[in-house]
Amino acid sequence: MGVLMKFPSRKRDKRYHSNYIFRCGCVIIRRSRTAISVEILRAALEGAKKTHIVYSANLNFEVVNKYLALLKEKGLIEQNDNIYITTEKGKEFQEIARELGL
């Protein structure tokens, strides 16, 4: 998922990073895996259902399911019933990502 930005109608401009996609005169900026993970962890700081995470991180359920499985596997988020909560390790990960500007 990306953020849409208005862009003058030209095919490609080499000044822009390769993570931009040019369509219909717009630039779609893609987020890194780290940025998406940080947004999911932020949404679940005080506990959140999957639907809240989907809307907060601006993702779809299929993508969120994959990220939640990865984050649970790494111990960054835990699930209690249908509520997801960021762990202490997840909070440390967020802090490191913020310091690095990710």
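Where is the place of leucine 59? Select this residue as the starting point of the tour: leucine 59 sits in the loop between α2 and α3, where helices (H or I, at least four residues) and strands (E, at least two) are DSSP runs numbered from the N terminus. The model on screen is a predicted one, in which local features need pLDDT of at least 70 and side-chain atom pairs count only at pLDDT 80 or more, while totals for chains, interfaces and linings use all residues. Residues are numbered from 1 along each chain as its sequence is written, and side-chain values use heavy atoms, with hydrogens and water left out.

**The loop between α2 and α3**

With a relative accessibility of 8%, leucine 59 counts as buried; buried means under 20% relative accessible area, exposed over 50%, and partly exposed in between, with a 1.4 Å probe and protein chains only. Adding isoleucine 40 to the selection shows a C-alpha separation of 9.5 Å from leucine 59, although the two residues are 19 residues apart along the chain. Select next asparagine 58, which is found in the loop between α2 (50-57) and α3 (61-73). Asparagine 58 is partly exposed, at a relative accessible area of 47%, and its phi is near 55°, a positive value in a residue other than glycine.

**The helices on either side**

Now show α2 and α3 together. Two packed helices are described by the angle between their axes and the distance between the axes. Here α2 and α3 pack at an angle of about 105°, with their axes 10 Å apart; axes are lines fitted to C-alpha atoms, for helices over the stretch in contact, and angles run from 0 to 180 degrees between N-to-C directions. α2 and α3 are therefore roughly perpendicular to each other, given that angles under 35 degrees count as roughly parallel, over 145 as roughly antiparallel, 65 to 115 as roughly perpendicular and the rest as oblique. To see the interface, select Lys50, Thr51, Ile53 and Val54 in α2, which meet Phe61, Val64, Asn65 and Leu68 in α3.

Keep α3 on display and add α1 (33-43). The axes of α1 and α3 cross at roughly 80° and come within 11 Å, and these two helices are therefore roughly perpendicular to each other. The contact (heavy atoms within 4.5 Å) is made by Arg33, Ile36, Ser37, Ile40 and Leu41 of α1 and by Tyr67, Leu68 and Leu71 of α3.

How many of the eleven residues of α1 are buried? Eight of them are, which leaves the helix mostly covered; among the buried residues are Ala35, Val38, Glu39 and Ala43. What covers the buried residues of α1 includes β4, α2, α3, β5, β6 and α4, and the strands in that list are the next stop.

**The sheet**

Select β4, β6 and β5, the three strands that form an open sheet in that order, with antiparallel pairing; two strands pair if DSSP finds at least two bridges between them. β4 (48-49) and β5 stand at the edges, each with a single partner strand, so one side of each is left without a neighbour in the sheet. Two bridges join β4 to β6, and here lysine 49 stands opposite isoleucine 83 in β6. Four bridges join β5 to β6, where glutamine 79 has tyrosine 84 of β6 as its bridge partner.

Move to the turn of this hairpin, in which two residues lie between β5 and β6. Aspartate 81 lies in the loop between β5 (77-80) and β6 (83-86); aspartate 81 is exposed, with a relative accessible area of 73%, and has a positive phi of about 60° although it is not a glycine.

**From β6 into α4**

Following the chain out of β6, select threonine 87, in the loop between β6 and α4. Threonine 87 counts as buried at 15% relative accessibility, and, leaving aside its neighbours within four places in sequence, it is in contact with Gly75, Leu76, Ile77 and Glu78.

The last selection is α4 itself. In this helix, Gly90, Gln94 and Ala97 are buried. They cover an arc of only 65° around the axis, which puts them on the same side of α4; the arc is that of the directions from the helix axis to the C-beta atoms. The buried residues of α4 pack against α1 and β6, whereas Glu88, Glu92, Glu99 and Leu100 are exposed on the other side. The tour ends at glycine 101, which follows α4 and has a positive phi, near 75°.
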